[in-house]
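User: I want the reasoning behind the labels on side-chain contacts. Take them one by one, please.

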Amino acid sequence: MFLEKIKSRQSGVMLYGITPPKAGTTPERVAEIADKTIARLSSLDIDALVVYDVQDESARTNQERPFPFINAMDPLDFASEHLGSLNVPKIIYRPAGKFTPAELTDWLEKLHQQTFYPVFVGVPAPDFQVKTSLSEAYKIWEKHKVTSVIGAVTIPERHHVLKDEDVRILDKMSSGVSYFISQCVFDLDYAKQLIADLSASCKSKQTDPPTIIFTITACGSAKTLDFMEWLGIHLPAQVKEDLRQADDMLERSVEICLEIASELTTFCMEHAIPFGFNIESVAIRKAEIEASIDMASAINQLLRDAGLRN
């Protein structure tokens, strides 16, 4: 089970990530989306389902957003009310700073009652007025630490620039965080550098490393590629050129993603970092959704071949 794998620092964790339906979607359509999601995922061997909290990050950059922002349903409401028959744990994202301590306390109680697990993320813009700091949010969660685990986000691109992601990770570990889900990985060197530096820092401090779960996402169109870059995901020039020149961008992106997963599997095992993968599916195109399912199955097999999954 997900909880035991994280607490015992087992490698080979498999997650699948989705966004909730758009706000204002009719109840009938929400039910239809949920039914299709359950049907697609029921056959997958995953340890938990990630349900993201969709935020408007337009204030983070001056660049125009490739896709217009549309509010989404609350991820906890969607998971609890519509995905109950999908018999896997749910991981729910929450921007802690947007809520008061009392609101976060109530939210965590609801999660705990349903055996869901939280991932606290930052606010959508640097000048956002924070109601609860991340450190305060972790203290509120602490009462659940015996029977739960809490996650956070790690960003290899930030480490490439600031060289301190390993310090951030160790700091959050001291607050109770035991696993980290990365931003989508397309730059293998960035991810490897983060792992190498985290491994060295943990050895230096004689600390067991946390589980790092790499998010893997297929890219099926030039506009999706632009959106990834707008989100801050770094694609090396050769990868971008490879994708843009491909006869089938989606197919080529899946090949690249599987190569990245294979390389990271070997690298993490060499550095004794517990790890896993989160296959993200946030597109609405049927071909991209089906590609994510195929990719999840392929990475599952990769982990089985490495002796990391039964």
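User: What makes R285 partly exposed?

Analyst: This is a predicted model. R285 has a relative accessible area of 40%. Buried means under 20% and exposed means over 50%, so a value in between is called partly exposed. R285 is therefore partly exposed.

User: Why is E288 called buried?

Analyst: E288 has a relative accessibility of 7%. The cut-off for buried is under 20%, so E288 is buried.

User: What makes R285 and E288 a salt bridge?

Analyst: Their side chains meet at 2.7 Å, N to O. The limit is within 4 Å, so the pair counts as a salt bridge. By this rule the count comes to 18 salt bridges. Sharing partners, salt bridges also join K5, D45, D47 and R309 into one network.

User: Why is the contact of D74 and R94 called a salt bridge?

Analyst: The N to O distance is 3.1 Å. That is within 4 Å, so the contact qualifies. The pair links distant parts of the chain, 20 residues apart. D74 is in the loop between β2 and α3, and R94 is in strand β3.

User: How do you know whether D74 and R94 are buried or partly exposed?

Analyst: R94 has a relative accessible area of 8%, under 20%, so R94 is buried. D74 has 26%, between 20% and 50%, so D74 is partly exposed.

User: What makes R94 a charge over the ring of F99?

Analyst: The charged end of R94 sits 3.8 Å from the ring centre of F99. The distance limit is within 6 Å, so that part of the rule is met. The rule also asks for a position within 35 degrees of the ring normal. R94 is listed as sitting over the ring.

User: Why is the pair of W107 and F120 called tilted?

Analyst: The ring centres lie 6.1 Å apart, within 6.5 Å, so the rings pair. The planes differ by 35 degrees. Stacked needs under 30 and edge-to-face over 60, so this pair is tilted. W107 lies in helix α4 and F120 in strand β4, so the pair ties together parts that are 13 residues apart in sequence. Both residues are buried.

User: What makes the pair of F214 and F277 tilted?

Analyst: The centres are 6.1 Å apart and the planes at 40 degrees, so the pair is tilted. F214 is in strand β7 and F277 in strand β8, so parts 63 residues apart in sequence are tied together. F214 is at 1% relative accessibility, and F277 at 0%. Each value is under 20%, so both residues are buried.

Methods:
Residues are numbered from 1 along each chain as its sequence is written. This is a predicted model: local features need pLDDT of at least 70, side-chain atom pairs count only at pLDDT 80 or more; totals for chains, interfaces and linings use all residues. Side-chain values use heavy atoms; hydrogens and water are left out. Rings of Phe, Tyr and Trp (its six-membered ring) pair if their centres lie within 6.5 Å; planes under 30 degrees apart count as stacked, over 60 as edge-to-face and the rest as tilted. Helices (H or I, at least four residues) and strands (E, at least two) are DSSP runs, numbered from the N terminus. Buried means under 20% relative accessible area, exposed over 50%, partly exposed in between (1.4 Å probe, protein chains only).
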